[in-house]
Amino acid sequence: MGLSVTISAADARDAEHILKLQYLCYQSEAELYGDWSIEPLTQSLDDLRAELAEGHGLVARLGDEVVASVRARLDEDGTVRIAKLIVHPRLRRHGLGGRLLDGIERHFADATGTAEPPAPSAKRFQLFTGHRSEGNLRLYRRKGYAQTGTREVGPRLTLVTLEKAAA
């Protein structure tokens, strides 16, 4: 009998597993752009823990193994900034990235207005990826994201910013 993938909120205990997976997942991006100094490959465990504490993260598990993750935070202006959507290379192209993206959007859509004092309302979702990351761009466009800008960050890398309105 096969194991099914479960998605749940990430917490500080998941940080080390997420960081190891992040390092594995961003190898292909580093190779694509010829840059192994990209932030996901140099992020410290303390920085990752701080991201989890300041925002919200999800992890996908296959049994006990963390095989995918995403993190996001809601800014005061109502923008949910989604970051570091990662899926283990052996599980890519099975819908897991889309499930995590849906889950993080649902979390912020459901969370607005329920906090004391009320949290700012999510007005839009925003994320970015490299201009050559065709698989990422396809996923984000399929999920309703549209390009809103680009920013050159190096001779080989241009970041593409994509957004969609919150429902």
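Reader: Before anything else, what counts as a helix or a strand here?
Author: Both are DSSP runs numbered from the N terminus: helices are H or I runs of at least four residues, and strands are E runs of at least two. Keep in mind that this is a predicted model.

Reader: Okay, how many helices and strands are in the chain?
Author: The chain has six helices and seven strands. Going along the sequence, their pattern is β-α-α-α-α-β-β-β-α-β-α-β-β.

Reader: And the overall dimensions, what does the C-alpha trace span?
Author: About 45 × 45 × 30 Å along the principal axes. The radius of gyration is 16 Å, which agrees with the value near 15 Å for a compact globule of 167 residues.

Reader: What share of the residues is buried?
Author: Buried residues make up 41% of the 167. As for the outside, the accessible surface of the chain is about 9,400 Å², and 50% of that belongs to carbon and sulfur atoms.

Reader: Let's go inside. How many residues does the largest nonpolar core have?
Author: That core has 25 residues, and I82, I104, Y140 and Y145 have the most contacts inside it. Several elements give two or more residues to this core, among them strand 2, strand 3, strand 4 and helix 6.

Reader: Which element gives the most to this core?
Author: Helix 5, with five residues.

Reader: You mentioned I104. What does I104 touch?
Author: Leaving aside residues up to four places away in sequence, I104 touches H56, L58, V70, A72 and I82. There is another core as well, lying apart from the largest one: this other core has 15 residues, including A10, I38, L41 and L52.

Reader: Some of those I104 partners sound like strand residues. What does L58 stand opposite?
Author: L58 stands opposite V70 in strand 3. Strand 2 and strand 3 run antiparallel and are joined by seven bridges. Their hairpin has two residues between the strands, and G63 there takes a positive phi near 65 degrees.

Reader: And on to strand 4, how many bridges pair it with strand 3?
Author: Six bridges, again in the antiparallel sense. Here A72 stands opposite I82 in strand 4. This hairpin has four residues between the strands, with G78 in the turn at a positive phi of about 90 degrees.

Reader: Why call strand 3 largely enclosed?
Author: Seven of its ten residues are buried, so strand 3 is largely enclosed by the rest of the structure.

Reader: Switching to helices. Which residues of helix 1 are buried?
Author: A15, I18, L19, L21, Q22 and C25. They cover an arc of only 165 degrees around the axis, which puts them on the same side of helix 1.

Reader: Why would residues three or four places apart point the same way?
Author: An α-helix has 3.6 residues a turn, so residues at that spacing point the same way.

Reader: What do the buried residues of helix 1 pack against?
Author: Helix 2, helix 3, helix 4, strand 2, strand 3 and strand 4.

Reader: Now helix 6, which residues are buried there?
Author: L137, L139 and Y140. Their arc around the axis is only 160 degrees, which puts them on the same side of helix 6. Just after helix 6 comes G144, with a positive phi of about 95 degrees.

Reader: Glycines I can live with. What about phi of K84?
Author: K84 is not a glycine, yet its phi is positive, about 55 degrees. Most residues other than glycine have a negative phi.

Reader: Where is K84, and is it buried or exposed?
Author: K84 sits in strand 4. With a relative accessible area of 12%, K84 is under the 20% cut-off and therefore buried.

Reader: And R93, what is its phi?
Author: Near 70 degrees, another positive value in a residue other than glycine. R93 lies in the loop between strand 4 and helix 5. R93 is exposed because its relative accessible area, 76%, is over 50%.

Reader: Last one: where is S121?
Author: In the loop between helix 5 and strand 5. S121 is partly exposed, at 44% relative accessible area. Its C-alpha atom is separated by 8.4 Å from that of D77, and the two residues are 44 apart along the chain.

Reader: Across the whole chain, what share of the contacts joins residues at least 24 apart?
Author: 60%, counting contacts between residues at least 6 apart in sequence.

Key. Residues are numbered from 1 along each chain as its sequence is written. This is a predicted model: local features need pLDDT of at least 70, side-chain atom pairs count only at pLDDT 80 or more; totals for chains, interfaces and linings use all residues. Side-chain values use heavy atoms; hydrogens and water are left out. A nonpolar core is a set of buried Ala, Val, Leu, Ile, Met, Phe, Trp, Tyr and Cys residues joined through side-chain atoms within 4.5 Å. Buried means under 20% relative accessible area, exposed over 50%, partly exposed in between (1.4 Å probe, protein chains only). Contact means heavy atoms within 4.5 Å. Two strands pair if DSSP finds at least two bridges between them. The arc is that of the directions from the helix axis to the C-beta atoms. The radius of gyration is taken over C-alpha atoms; the globule rule is 2.2 Å times the number of residues to the power 0.38. Accessible areas come from the Shrake-Rupley method with a 1.4 Å probe; for residues, only the protein chains shown count as cover.
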